[in-house]
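I set out to record what I looked up in this structure, entry by entry. The charged residues come at the start, and the overall fold and the backbone follow.

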Amino acid sequence: MTISLYQEHLATLQTRYEKAMQHFQIDAIVLASGDKSYYFQDDHTAPFHAYSGAQQWLPFTLSAETYLVIQAGTKPRLVWPIRDDFWHAPNPVPEGEWQNEWQISPARKDDAWFSSLPEKCAWLGPKPQPFARTVNGLNAYVDFSKAVKTPFEINAMRLSTERAVKGHLAAKDAFLAGMSELEVHLAFLKASQQTAAQEPYPGIVGINDHAAVLHYEHKDFNRSARPLTLLIDAGASEHGYASDITRTFVRHNDEFSALVDSLDRMEQGLARSAMSGVDYRELHQDTLEGIAGLLNEHKICRLSPEEQMAKGIPQVFFPHGLGHLLGLQVHDVGGFQIDELGTTRKDEKAPFLRLTRTLEENMVITIEPGLYFIPMLLEKMQADIPQHGCDLALIERFKPYGGIRIEDNVVVQDDVPVNLTRNAFQG
């Protein structure tokens, strides 16, 4: 970690939060990382993920029961949990220069560390407590600005991308060696140096027709007798900041691999278009038109792109949104907000699109077009769209391949965007 980047990051957050406190006329904000969640009738906890608003302030992964106190004109205060516990590993305060920027207050669970808080104190995070009040609109106010990343945050996401790319390359090798989905996933985890619980989201590893399941959640133990494609959607984290990368790898140089190459070229063009001032909804519309062009070019649909758009054919093969904001959460907050007051905007024509904002410099977004052969949607197309113009015999040949998704993580700029994912693959 570069301490100067972290210091600049803290200064930016302090400015944002002081502006929020002034707007809502409050004197302090308490941020809570959250508590561990236990499974029903069990003493085993689910994997813990800290509230992103609290995690944003620290250069390491936050644990449960940690609190931050933000006030104007003073160093932020970190209330660090002391646990008298011989069942679990110790929880010392991480060492480093970052400590110089904080007031650090160790506290046990029953300590009244909050007794010195000012009266006008707001709460952000799960499970509000009586010593701080929930202020309507405050959460949306601070979420809106999270979309624009600081240099510290962008650097963390560059590092998480580099680790994930190492995993993707190892996964590709495992797939080409004939490994199972589980073995491919284990190869990814080993190369990206993380456990499954540490992944920012459960990695998707689909071989053959499993690639047609958008959020395929299984890892088949059995090796495929005839592996054709691997779709892997998996990332890594650095200081809590996620990467979110998808690649589709093929074994043969055939008509499906040509389709993969075409979608890859289209995806790179979309990524280069992610500049300040661009309405992300328009990029999604460009993607639908691009899919229509690919369907026509590869003779999957004989209708012109214009005819396909009128009939809704591209959505049969590309049913999800182009992408989303990326950061401390994989689907980062604020994607539908158009102002600090929490005004939201959704695209009725694209109900699954998670980002409807106009892009700004230093937003980090995903660009992830796909083209899938999903039996349920194809059957619906045949039932609902007369004269769809699709080559059903060719589609049947493509069904065993499942589908294609290619996803990069892109930093929006005023001119040429920075493609963190392509840079990592080339490096």
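**Entry 1: Negative surface patch**

I looked for clustered charge and noted that Glu-282, Asp-286, Glu-289, Glu-306 and Glu-307 form a negatively charged patch on the surface. I was working with a predicted model throughout. I then asked which helices supply at least two residues each to this negative patch. They are helix H7 (280-297) and helix H8 (305-311). I recorded H7 as the element that gives the most, with three residues. Glu-282 is found in helix H7, and I looked up its relative accessibility, which is 52%. The cut-off for exposed is over 50%, so Glu-282 counts as exposed.

**Entry 2: Salt bridges**

I counted salt bridges next and obtained 19. I examined three pairs one by one, starting with Arg-422 and Asp-264, whose side chains meet in a salt bridge with an N to O distance of 2.9 Å. Which parts of the chain does this pair tie together? Arg-422 belongs to helix H12 (residues 420-426) and Asp-264 to helix H6 (residues 255-272), so the salt bridge links parts that lie 158 residues apart in sequence. I also checked whether Arg-422 is buried or exposed. Arg-422 is buried, at a relative accessible area of 14%.

The second pair I noted was Lys-380 with Asp-384, again a salt bridge, at 2.9 Å from N to O. Both residues sit in helix H10 (residues 375-384), and because they are four residues apart, about one helical turn separates them. I entered Asp-384 as partly exposed, with 46% relative accessibility.

The third pair was Glu-396 and Lys-399, a salt bridge in which the closest N and O atoms are 2.8 Å apart. I found Glu-396 to be partly exposed at 47% relative accessibility. Lys-399 has 21% relative accessibility and likewise counts as partly exposed; the cut-off for buried is under 20%. I then traced shared partners and found that salt bridges join Arg-247, Asp-264, Glu-267, Asp-408 and Arg-422 into one network.

**Entry 3: Overall fold**

I listed the secondary structure of the chain as 12 helices and 15 strands. I took the extent of the C-alpha trace along its principal axes, which is about 70 × 45 × 45 Å. What radius of gyration would a compact globule of 427 residues have? The expected value is near 22 Å, and the 24 Å of the chain agrees with it. I also noted that 52% of the 427 residues are buried.

**Entry 4: Positive phi values**

I turned to the backbone with one rule in mind: most residues other than glycine have a negative phi. I therefore looked up residues that depart from this rule.

Asn-208, which is not a glycine, has a positive phi of about 60°. I located Asn-208 in the loop between strand E6 (204-207) and strand E7 (229-234). Asn-208 is buried, and its relative accessible area is 11%.

Gln-387 also has a positive phi, near 50°, in a residue other than glycine. I placed Gln-387 in the loop that runs between H10 and helix H11 (392-398). Is Gln-387 buried or exposed? I entered Gln-387 as exposed, at 68% relative accessibility.

Definitions and conventions: Residues numbered from 1 in each chain as written. Predicted model: local features only at pLDDT ≥ 70, side-chain atom pairs only at ≥ 80, totals over all residues. Heavy atoms only, no water. Salt bridge = Lys/Arg side-chain N within 4 Å of Asp/Glu carboxyl O. Buried < 20%, exposed > 50% of the residue type's maximum accessible area, 1.4 Å probe, protein only. Patch = residues over 30% accessible without salt bridge, like charges linked within 9 Å, V, L, I, M, F, W, Y side chains within 5 Å. Areas by Shrake-Rupley, 256 points an atom, 1.4 Å probe, with all protein chains shown as cover. Lys, Arg positive; Asp, Glu negative; His and termini not counted. Charge placed at Lys NZ, Arg CZ, Asp CG, Glu CD. Rg over C-alpha atoms; globule rule 2.2 N^0.38 Å.
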